[in-house]
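Hi,

Here is the structure I said I would pass on. Have a look first, and then see my notes below.

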Amino acid sequence: MRRAAVLGAPVGHSLSPVLHRAAYAALGLADWTYEAVECDEARLASLLAGLDDSWAGLSLTMPLKRTVLPMLDEVSDLALAVGGANTVVLRGGRRLGHNTDVHGIVTALAEAGLIRPDGTPGRVLIMGGGATACSALAALRELGAAEATVAVRETARAAEAVAAAGRLGMTVAVRTLGELDRLPSADLVISTLPAGAADPYAALIAKSGAAVFDVVYAPWPTRLAVAVTARGGAVVGGFPMLLHQAVRQVELMTGRADVPVEAMRAAGTAEIARRQRG
């Protein structure tokens with residue numbers, strides 16, 4: 001048997017088990033299991049120490065993505081630059097850290113047609129300054145962007161993003177969310193804010209004409225997505241990012257290149273619909 005799991009606290013809401021199990025089923029990996037395990041920062045080291053050779057990998061939620069870094073034997077350059085590893089591959093007694101969130105963002109933007117013909121995202125405004133904002137900056141760098149604006153409630157909240165930008169060789173302008181109506185227009189707005197937090201700015205962003213990537217996937221659509229869609233704007237939600245980061249995780253953990261993206265998409269979409277029905 002080969003085992004994998006998503007760790008977090010709380011973690012019961014995670015869609016990762018649905019996505020990974022769908023992949024295993026489609027790949028014929030009948031002896032693979034994937035579960036959700038409650039684990040906070042204080043328990044992480046002991047949990048890692050207790051894993052045996054049956055374990056293939058772990059998916060991590062925040063704040064474990066940062067906490068795990070000094071506990072790993074090897075960390076990818078991308079995960080170091082972003083400042084967090086959301087994936088741990090367990091191989092030959094070694095713990096290898098990766099960041100697949102960046103791949104998820106890049107692929108979600110491309111899939112939704114939010115990348116310009118020249119291959120770049122254009123002028124970008126990121127709302128929020130935490131871990132997902134750091135991954136968004138790395139995704140923008142992969143798309144050829146050298147700068148972005150980061151808007152946060154208070155400028156001190158952008159420290160993590162500013163540090164990541166420095167490691168990525170990017171320039172960020174830090175502004176407050178209260179200044180949104182006075183900022184230069186953006187081609188793309190990436191909201192990394194939690195559900196409901198972008199609601200007060202929905203009408204303003206929709207009026208700007210910018211395309212929007214809102215990392216929230218439930219409840220969906222968000223007020224921001226509704227406002228932008230009503231004005232004919234382009235919107236992509238957080239599920240495609242979640243899906244494609246999970247696809248890359250399955251590749252890393254199983255060593256398979258033929259990961260069934262559409263089977264995973266169908267399973268995740270069905271689960272989200274089931275939850276929204278209550």
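I started with strand β1, residues 2–8, which runs parallel to β2 and pairs with that strand over 7 bridges. If you want a spot to zoom in on, A5 sits opposite E35 in β2. Bear in mind that this is a predicted model.

Zooming out a little, those two strands belong to an open sheet of 6 strands with mixed pairing, in the order β2-β1-β3-β5-β6-β4. The edges are taken by β2 (32–38) and β4 (74–75), and each has a single partner strand, so one side of each lacks a neighbour in the sheet.

As for the whole protein chain, I count 11 helices and 12 strands. Its radius of gyration is 18 Å, close to the 19 Å from the globule rule for 278 residues, so the chain is as compact as a globular protein of that length. The C-alpha trace spans about 55 × 40 × 35 Å along the principal axes.

How much of the chain is buried? Buried residues are 51% of the 278. Looking at contacts with a separation of 6 or more, 65% are between residues 24 or more positions apart.

On the outside, the accessible surface is about 12,100 Å², and carbon and sulfur atoms hold 53% of that. Charged side chains come to 26 positive and 26 negative, with the centres of the two sets 4 Å apart.

Over to you!

Cheers

How values were computed: Residues numbered from 1 in each chain as written. Predicted model: local features only at pLDDT ≥ 70, side-chain atom pairs only at ≥ 80, totals over all residues. Heavy atoms only, no water. Helix = DSSP H or I, 4+ residues; strand = E, 2+ residues; numbered from the N terminus. Rg over C-alpha atoms; globule rule 2.2 N^0.38 Å. Buried < 20%, exposed > 50% of the residue type's maximum accessible area, 1.4 Å probe, protein only. Contact = heavy atoms within 4.5 Å. Areas by Shrake-Rupley, 256 points an atom, 1.4 Å probe, with all protein chains shown as cover. Lys, Arg positive; Asp, Glu negative; His and termini not counted. Charge placed at Lys NZ, Arg CZ, Asp CG, Glu CD. Pairing = 2+ DSSP bridges.
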